[in-house]
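Trainee: I am new to this structure and should like to go through it step by step. May I put my questions to you in turn?

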Amino acid sequence: MRKFLFLVVILVFVFPLQSQIPFNFRAFNWSMLGRLMQQISKPQLRLSESDVVYVIPDEKVFHLEGCEKLGSSKTGMSVRHAREVREYEPCSECILSKGITLYRVPIASTILEDMREARRAYVATKVEMGKMSQRVKDAILRGDVLIGMTSSDVIASRGRPHDVNKTTGVFGVHEQWVMHAFHDSGLWDLKGKEYGYIYFENGLVTSWQSR
Ligand SMILES: [Zn+2]
């Protein structure tokens with residue numbers, strides 16, 4: 001992008017001077033040039049696959065936190081989900097104000113398969129060691145949570161928590177996991193709402209709450 005803009009500047013200024021064509025300063029669109037220079041000098045925000053972006057119902061674009069176009073009914077998801085599952089483009093206002101650059105989307109996105117593969121790999125090692133029941137294995141492969149699951153089972157099934165609130169007392173360690181609405185791989189689904197908060201007592205799941 002920068003290289004392209006540099007080329008535009010060369011074409012606009014250097015080329016006319018060299019070819020002895022008088023440069024018409026009055027007719028030139030200075031505000032356009034201002035915007036170009038702004039683009040060149042602005043720090044670029046590089047979004048990675050797991051960064052959180054927001055969408056609004058009935059729109060085909062995604063926004064960054066703080067965009068003025070975002071209302072109250074926004075849904076958070078990973079950039080990867082927004083681009084590769086929903087096939088949304090970044091909002092033009094967000095591109096202009098933050099100078100977003102995006103990672104290259106693979107030709108054939110395998111987001112769903114990646115997530116399933118990660119779950120399969122996790123249960124395979126546990127089952128091999130004889131450390132997992134069929135019931136827990138099936139739940140993880142479905143992306144579900146069960147009472148009594150360990151924290152690593154939950155991470156394999158639902159992804160890493162967004163935040164952990166920890167309380168220690170005579171009863172032991174109590175944790176509330178605030179979950180993202182998507183799996184580590186970037187997949188957002190309805191189960192993300194179902195497992196909005198997951199509660200642990202001494203490292204094992206005791207309950208969960210939707211949000
Ligand atoms: Zn926006």
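Trainee: Where does Tyr-103 lie?

Mentor: Please bear in mind that this is a predicted model. Two elements frame the position of Tyr-103, namely strand 6 (100–102) and helix 5. Tyr-103 lies in the loop between them.

Trainee: Is Tyr-103 buried or exposed?

Mentor: A residue counts as buried under 20% relative accessible area. Tyr-103 has a relative accessible area of 11%, and therefore it is buried.

Trainee: Which residues are in contact with Tyr-103, leaving aside its neighbours within four places in sequence?

Mentor: The C-alpha atoms of Tyr-103 and Glu-49 are separated by 7.4 Å, although the two residues are 54 apart along the chain. Glu-49 is also one of the contacts of Tyr-103. With sequence neighbours within four places set aside, the list is Arg-46, Leu-47, Ser-48, Glu-49, Val-79, Arg-80, Arg-83 and Glu-84.

Trainee: How many helices and strands does the protein have?

Mentor: Of the 211 residues in the protein, buried residues make up 34%. Contacts between residues at least 6 apart in sequence join residues at least 24 apart in 52% of cases. The secondary structure comes to eight helices and 10 strands.

Trainee: Which residues are the protein donors of the zinc ion?

Mentor: The donors follow the spacing H-x3-C-x23-C-x2-C along the chain. Their donor atoms lie 2.2 to 2.4 Å from the zinc ion. The donors are His-63 (ND1), Cys-67 (SG), Cys-91 (SG) and Cys-94 (SG).

Trainee: What is the geometry of the site of the zinc ion?

Mentor: Four donors count as tetrahedral if all angles lie between 85 and 135 degrees. The angles among the four donor atoms of the zinc ion are 97 to 126°. The site is tetrahedral.

Trainee: Are His-63 and Cys-67 buried or exposed?

Mentor: The relative accessibility of His-63 is 1%, so this residue counts as buried. For Cys-67 the value is 12%, and so Cys-67 also counts as buried.

Trainee: What separates the C-alpha atoms of Glu-59 and Cys-91 in space?

Mentor: Glu-59 is found in the loop between strand 2 (52–55) and strand 3 (61–62). Its relative accessible area is 25%, so Glu-59 is partly exposed. Glu-59 and Cys-91, a donor of the zinc ion, are 32 residues apart along the chain, and their C-alpha atoms are separated by 9.8 Å.

Trainee: What is the phi of Glu-87?

Mentor: Glu-87 belongs to the loop between helix 3 (79–85) and strand 5 (89–90), and its relative accessibility of 64% makes it count as exposed. Most residues other than glycine have a negative phi. Glu-87 is not glycine, yet its phi is positive, near 60°.

Trainee: What is the phi of Asn-202?

Mentor: Asn-202 lies in the loop between strand 9 (197–201) and strand 10 (204–209). At 52% relative accessibility, Asn-202 counts as exposed. Its phi is positive in a residue other than glycine, with a value near 50°.

Trainee: Which helices do the buried residues of helix 6 pack against?

Mentor: Helix 6 spans residues 134–142, where Val-136, Ala-139 and Ile-140 are buried. Down the axis of helix 6 these buried residues fall within an arc of 100°, so they line one face of the helix. They pack against helix 5 (111–128) and helix 7 (151–158).

Trainee: Which residues make the contact between helix 6 and helix 7?

Mentor: The axes of helix 6 and helix 7 come within 7 Å and cross at roughly 35°. The crossing of the two helices is right-handed. The contact is made by Val-136, Ala-139 and Ile-140 of helix 6 and by Asp-153, Ala-156 and Ser-157 of helix 7.

Trainee: What covers the buried residues of helix 7?

Mentor: In helix 7, the residues Asp-153, Val-154, Ala-156, Ser-157 and Arg-158 are buried. They cover an arc of only 165° around the axis, which puts them on the same side of helix 7. The cover includes helix 5, helix 6, strand 8 (172–179), helix 8 (191–194), strand 9 and strand 10.

Trainee: Which residue follows helix 7?

Mentor: Just after helix 6, Gly-143 takes a positive phi of about 80°. After helix 7 there is likewise a residue with a positive phi, near 95°, and this residue is Gly-159.

Terms used:
Residues numbered from 1 in each chain as written. Predicted model: local features only at pLDDT ≥ 70, side-chain atom pairs only at ≥ 80, totals over all residues. Heavy atoms only, no water. Donors = N, O, S within 2.8 Å, 3.2 Å for Na, K, Ca; no water. Tetrahedral: all angles 85-135°; square planar, octahedral: opposite > 155°, others 65-115°. Buried < 20%, exposed > 50% of the residue type's maximum accessible area, 1.4 Å probe, protein only. Helix = DSSP H or I, 4+ residues; strand = E, 2+ residues; numbered from the N terminus. Arc of directions from axis to C-beta. Contact = heavy atoms within 4.5 Å. Axes fitted to C-alpha atoms, helices over the stretch in contact; angles between N-to-C directions. Left-handed = near helix turned anticlockwise from the far one by under 90°.
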